[in-house]
Amino acid sequence: MHPRLALIGGEEFAAGFEEVHASLLQDTCRAQPRLVFLPTCAADDGTEAIEFWCTTAHEQFTALGAIV
């Protein structure tokens with residue numbers, strides 16, 4: 001299986017986006033997919049914003065069975 005790359009331009013944690021996340025993880029064909037989340041849009045928003053988005057990503061994707 002080849003690595004996947006998903007570039008999402010924002011609102012990636014808006015209501016209803018869970019199905020997209022689950023689909024992306026399912027496409028890896030792994031029982032426990034691994035992923036990296038890069039909050040690039042928050043780069044100019046400061047450390048607190050970056051930490052918030054990284055924590056949010058960790059919580060959301062871990063709940064779907066991924067290793068973040």
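Is His 21 buried or exposed? Good morning. I shall begin with that residue and then move along the chain. Please bear in mind throughout that this is a predicted model.

His 21 belongs to helix α1, which covers residues 18–26. Its relative accessible area is 2%. Because the limit for calling a residue buried is under 20%, His 21 is classed as buried. Which residues does His 21 touch, if we set aside those up to four places away in sequence? There are contacts with Glu 12 and Phe 13, and also with Gln 60, Phe 61 and Leu 64.

Let us keep Phe 61 in mind and turn to helix α2, residues 47–63. This helix has 17 residues. From the first C-alpha to the last, α2 reaches 24 Å, which is close to the 24 Å expected at 1.5 Å a residue.

Which residues of α2 are buried? They are Ala 49, Thr 56, Ala 57 and Phe 61. Looking down the axis of α2, we find these buried residues within an arc of 110 degrees, and so they line one face of the helix. A general point helps here. An α-helix has 3.6 residues a turn, so residues three or four places apart point the same way. The cover over the buried residues of α2 includes α1, the helix in which His 21 is placed. On the other side of α2, the exposed residues are Thr 47, Glu 48, Glu 59 and Ala 63.

After α2 comes Gly 65, with a positive phi near 95 degrees. Gly 65 also brings us to Gln 32, which is located in the loop between α1 and α2. How far apart are Gln 32 and Gly 65? In sequence they are separated by 33 residues, yet in space their C-alpha atoms are 5.7 Å apart. Apart from neighbours within four places in sequence, Gln 32 is in contact with Gly 65 and Ile 67.

Finally, I turn to the cysteines. How many disulfides are counted? The count is 0. For Cys 41, the nearest cysteine sulfur is that of Cys 54, at 12 Å. A disulfide requires two cysteine sulfur atoms within 2.5 Å, so a pair at 12 Å does not qualify. Cys 41 is exposed, with a relative accessible area of 64%. Cys 29 is also counted as exposed, at 63% relative accessibility. Both values pass the cut-off, because exposed means over 50%.

To close, let us return to the opening question: His 21 is buried, and among its contacts is Phe 61, one of the buried residues of α2. Thank you for your attention.

Notes:
Residues are numbered from 1 along each chain as its sequence is written. This is a predicted model: local features need pLDDT of at least 70, side-chain atom pairs count only at pLDDT 80 or more; totals for chains, interfaces and linings use all residues. Side-chain values use heavy atoms; hydrogens and water are left out. Buried means under 20% relative accessible area, exposed over 50%, partly exposed in between (1.4 Å probe, protein chains only). Helices (H or I, at least four residues) and strands (E, at least two) are DSSP runs, numbered from the N terminus. Contact means heavy atoms within 4.5 Å. The expected span of a helix is 1.5 Å times one less than its number of residues. The arc is that of the directions from the helix axis to the C-beta atoms.
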